[in-house]
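Me: I've got a structure open here and I'd like to talk it through with you. Can we go over it piece by piece?

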Amino acid sequence: MRDKLEKVRQESFRELEKVETIQSLEEIRIKYLGKKGELTGILRGMGGLSEEERPIIGQLANEIRDNVNEKIEQTAYFLNRKDLEKRLKSEFIDVTMPSKRKPIGNKHPMTKILDEIKEIFIGMGFTIEEGPEIEKVYYNFDALNHNKYHPARDVQDTFYINEDLLLRTQTSPVQVRTMEKQKPPIRILAPGRVYRADEIDATHSPMFHQIEGLVVDKGITMANLKGTLDMFAKQLYGESTKTKFRPHHFPFTEPSAEMDCTCAACKGAGCRVCKNSGWIEILGAGMVHPKVLANCGIDPEIYSGFAFGMGLDRISMLRYGIDDLRLMFENDKRFISQF
Ligand code: DAH
């Protein structure tokens with residue numbers, strides 16, 4: 001029995017010298033010290049020993065169990081350390097290495113001014129609407145009271161897709177789409193791209209941007225139109241900004257007007273930007289034509305409204321002193337990153 005115990009000590013130590021993982025270390029522990037392990041097995045056989053031998057063998061068995069346990073603990077410590085060293089090496093981070101920088105872009109000057117304008121109108125209770133860029137001739141012209149021979153309908157000015165479809169030439173069709181699906185009170189702002197068959201130059205592009213506005217309710221008058229748009233101009237260009245309205249003509253409004261405001265660059269004194277007039281034209285507007293209301297199923301005897309439309313590109317160019325529209329669409333980062 002003594003020999004058997006010594007053999008357990010020797011063999012377990014030999015195996016422990018060679019072990020490489022915590023997992024196989026645990027297997028060795030179970031093999032020798034576990035409930036069904038070799039040492040336990042030997043101790044169970046102690047019943048057959050004589051009175052004198054039993055305490056001696058018992059002491060030896062305890063000693064060997066303690067030795068093996070200790071050796072296992074040592075081995076576990078070294079294995080864990082080796083593992084840690086390996087991980088420290090493989091997971092090493094060089095904090096002095098240059099980082100992978102993701103350059104953050106910035107908003108396009110047009111997006112910036114559009115956000116500003118949206119904020120102003122949202123502050124006055126407007127909601128934002130959108131309409132399709134491929135539009136029905138009906139929505140772009142007929143419903144907006146353009147007669148059959150209106151020059152804007154000409155193929156020289158408008159991109160037609162077929163007899164019934166075109167690239168919208170204005171954001172005004174969103175007025176009609178909104179009134180068809182929503183009953184008054186209506187207060188909407190509809191920004192978007194529009195298309196006209198223009199040659200590209202410093203102030204023209206076949207694709208540009210407009211912002212449409214529409215208010216319909218009971219008792220809406222020209223005073224509401226002037227008050228709203230004057231307040232808009234003051235918020236966009238500063239409290240001291242003055243506005244004036246000149247009579248104009250649009251098929252879908254009656255009466256119609258164009259609004260000028262004092263030049264933000266010279267505060268009305270006259271400069272290169274306003275061609276020395278002190279005034280800048282910024283939008284068209286008017287009282288929604290009764291025929292347009294009726295076309296959309298809104299009774300003009302009960303309701304009235306005003307509408308306005310402005311060119312976003314020009315407003316952005318004025319704000320940032322950009323003198324060539326083409327810069328807006330070239331997407332040159334050297335240009336865009338200036339704003
Ligand atoms: N749609 C007009 C244009 O493209 C702009 C406009 C003028 C819109 C007057 C309006 C308005 O809503 O009332 O020239």
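Me: Which residue has a polar side-chain atom 3.0 Å from an oxygen atom of the ligand?

Reply: Bear in mind that this is a predicted model. Ser172 also has a side-chain N or O atom close by, but that one is 2.9 Å from a nitrogen atom of the ligand. Phe308 sits 3.3 Å from a ligand oxygen, though through a backbone N or O atom. With a polar side-chain atom and a distance of 3.0 Å to a ligand oxygen, the one you want is Gln175.

Me: How much of the ligand's area does the protein bury?

Reply: Start with the contact from Phe308, where a backbone N or O atom comes to 3.3 Å from a ligand oxygen. On its own, the ligand would expose 350 Å². Of that area, the protein buries 89%.

Me: Which elements give two or more residues to the shell around the ligand?

Reply: The shell has 15 residues, and the closest are Gln170, Ser172, Arg196, Gln210 and Glu212. Gln175 puts a polar side-chain atom 3.0 Å from a ligand oxygen. The elements with two or more residues in the shell are strands E5 (207-217), E8 (279-288) and E9 (304-311).

Me: What kind of residues make up that shell, and how many of each?

Reply: Altogether 15 residues surround the ligand. Sorted by type, two of the shell residues are charged and five are nonpolar. The polar ones number eight.

Me: How are the strands ordered in the open sheet?

Reply: There are seven strands in it, and the pairing is mixed. The edges are E1 (127-128) and E6 (243-250), each pairing on one side only. Read across, the order is E1-E4-E5-E9-E8-E7-E6.

Me: Which residue in E9 is the bridge partner of Ile211?

Reply: E5 and E9 run antiparallel and are joined by eight bridges. In that pairing, Asp217 stands opposite Ser304 of E9. For Ile211, the partner in E9 is Met310.

Me: And on the E8 side, what does Gly286 pair with in E9?

Reply: E8 and E9 are antiparallel too, with five bridges between them. The bridge partner of Gly286 in E9 is Ala307.

Me: How many residues does the hairpin between E6 and E7 run through?

Reply: E6 and E7 (residues 253-262) pair in the antiparallel sense over seven bridges. One of the bridge pairs is His248 with Ser256 of E7. The hairpin that joins E6 to E7 goes through two residues.

Me: Which side chain makes a polar contact of 2.5 Å with Asp230?

Reply: Asp230 is in helix H8 (residues 222-237). Its C-alpha atom is 8.5 Å from that of Cys261, which is 31 residues away along the chain. The side chain at 2.5 Å from that of Asp230, though, belongs to Thr243.

Me: Where does the largest share of the second largest pocket's lining come from?

Reply: That pocket has a volume of about 320 Å³. It is lined by 18 residues, and Leu114, Pro191, Gly192, Arg193 and His209 lie nearest its centre. Helix H5 (109-123), strand E4 (186-195), E5 and helix H11 (326-330) each supply at least two residues of the lining. The largest share, four residues, is from H5.

Me: How many charged residues line that pocket?

Reply: The lining has 18 residues in total. Seven are nonpolar and six are polar. The charged ones come to five.

Me: Which proline, in the loop between H7 and E4, follows a cis peptide bond?

Reply: Most peptide bonds are trans, so a cis one is worth a look. One cis bond runs from Glu254 to Pro255, with omega about -5°, but Pro255 lies in strand E7. The other runs from Pro184, with omega near 5°. In the loop between helix H7 (173-181) and E4, the residue is Pro185.

Me: What is phi of Lys275 near?

Reply: Lys275 is in the loop between E7 and E8. Most residues other than glycine have a negative phi, so a positive one stands out. Lys275 has a positive phi, near 50°.

Terms used
Residues are numbered from 1 along each chain as its sequence is written. This is a predicted model: local features need pLDDT of at least 70, side-chain atom pairs count only at pLDDT 80 or more; totals for chains, interfaces and linings use all residues. Side-chain values use heavy atoms; hydrogens and water are left out. A residue is near a molecule or strand if one of its heavy atoms lies within 4 Å of it. A polar contact is a pair of N or O atoms within 3.5 Å; within protein, one must be able to donate a hydrogen and the other to accept it, and residues adjacent in sequence count only if both atoms are side-chain atoms. Accessible areas come from the Shrake-Rupley method with a 1.4 Å probe; for residues, only the protein chains shown count as cover. Ala, Val, Leu, Ile, Met, Phe, Trp, Tyr, Cys and Pro count as nonpolar, Asp, Glu, Lys and Arg as charged, and the others, Gly among them, as polar. On a 1 Å grid over the protein atoms alone, a cavity is a set of points where a 1.4 Å probe fits but cannot get out, and a pocket is an open set with protein on both sides within 12 Å along at least five of seven lines; lining residues have an atom within 4 Å of a point. Grid points are joined across faces, edges and corners, and a volume is the space filled by probe spheres set on the points. Two strands pair if DSSP finds at least two bridges between them.
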